[in-house]
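Grab a coffee and work through these short exercises with the model open beside you. Each task comes with a worked solution.

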Amino acid sequence: MLTAPLRDRFGMIERLEYYSPGELSLIIQNSARKLGIETDPEGALEMARRSRGTPRLANRVLKRVRDYAMVCADGVITLQVANEALNMLDIDKLGLDHIDRNVLMTMIEKFDGGPVGLETLAATIGEDSGTLEDVYEPYLLKNGLIIRTPRGRVVTKQAYSHFGLEAKE
């Protein structure tokens, strides 16, 4: 959010990107070693896929899955244990949580897929518009589940498909 003349003075401009599932899997395996929990590569990769490309979230997911593994399994995070724990935590295969799905389903059910303005959407689901725009929307945009138009946000065919719904024409 710097002005162009100020930004040009830095000489080198970097962009922050989401981490890949492979990179996050390595982070999860390293964190698991530090926590003293055994994790197989498939379990780590599944947690990574559902961590929204963010190491902070990957480590949080690891801790919750570890808790589940210690109480409901033999303490080892396998693919099956990771899936069970993540499903119990209501994190789906795309890494969407309850609020993400609520945003998408509200747009589909109440606004016929959009377009809908940010303030209207925020008021409808009872969430702060800044939180929606800064926390939830970037991931939904990155994964092609919504698009921004001059008239508002619109749900994509991919979002309809994710929920097993027929997209509007």
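**Exercise 1.** In this predicted model, work out how the residues lining the largest cavity divide into nonpolar, polar and charged.

*Solution.*
- Start with the search of the whole structure, which turns up 1 cavity of 30 Å³ or more. Its volume is about 60 Å³.
- Next, list the lining: Val 103, Leu 118, Leu 121, Leu 132, Tyr 136, Glu 137, Leu 140, Ile 146 and Arg 153.
- Now sort them: 7 are nonpolar, none is polar and 2 are charged.

**Exercise 2.** Find which element gives the most residues to that lining.

*Solution.*
- Two or more lining residues come from each of helix H7 (118–125) and helix H8 (129–142).
- H8 comes out on top, with 4 residues.

**Exercise 3.** Ile 146 is in the cavity lining; track down its bridge partner in S4.

*Solution.*
- Look at strand S3 (residues 146–149) and strand S4 (residues 152–155): they run antiparallel and are joined by 4 bridges.
- The link from S3 to S4 is a hairpin through 2 residues.
- Follow the bridge from Ile 146 and you land on Val 155.

**Exercise 4.** Which residues touch the most other members of the largest nonpolar core?

*Solution.*
- This core has 21 residues, and the winners are Val 103, Leu 104, Met 107, Leu 121, Leu 132 and Leu 140.
- Helices H6 (98–111), H7, H8 and H9 (157–162) each supply two or more core residues, with H6 giving the most, 5.
- Zoom in on Leu 121: leaving out residues up to four places away in sequence, Leu 121 touches Val 103, Thr 106, Met 107, Val 116 and Leu 132.
- Finally, a second, separate core has 20 residues, among them Ala 44, Ala 82, Ala 85 and Ile 91.

Terms used:
Residues are numbered from 1 along each chain as its sequence is written. This is a predicted model: local features need pLDDT of at least 70, side-chain atom pairs count only at pLDDT 80 or more; totals for chains, interfaces and linings use all residues. Side-chain values use heavy atoms; hydrogens and water are left out. On a 1 Å grid over the protein atoms alone, a cavity is a set of points where a 1.4 Å probe fits but cannot get out, and a pocket is an open set with protein on both sides within 12 Å along at least five of seven lines; lining residues have an atom within 4 Å of a point. Grid points are joined across faces, edges and corners, and a volume is the space filled by probe spheres set on the points. Ala, Val, Leu, Ile, Met, Phe, Trp, Tyr, Cys and Pro count as nonpolar, Asp, Glu, Lys and Arg as charged, and the others, Gly among them, as polar. Two strands pair if DSSP finds at least two bridges between them. A nonpolar core is a set of buried Ala, Val, Leu, Ile, Met, Phe, Trp, Tyr and Cys residues joined through side-chain atoms within 4.5 Å. Buried means under 20% relative accessible area, exposed over 50%, partly exposed in between (1.4 Å probe, protein chains only). Contact means heavy atoms within 4.5 Å.
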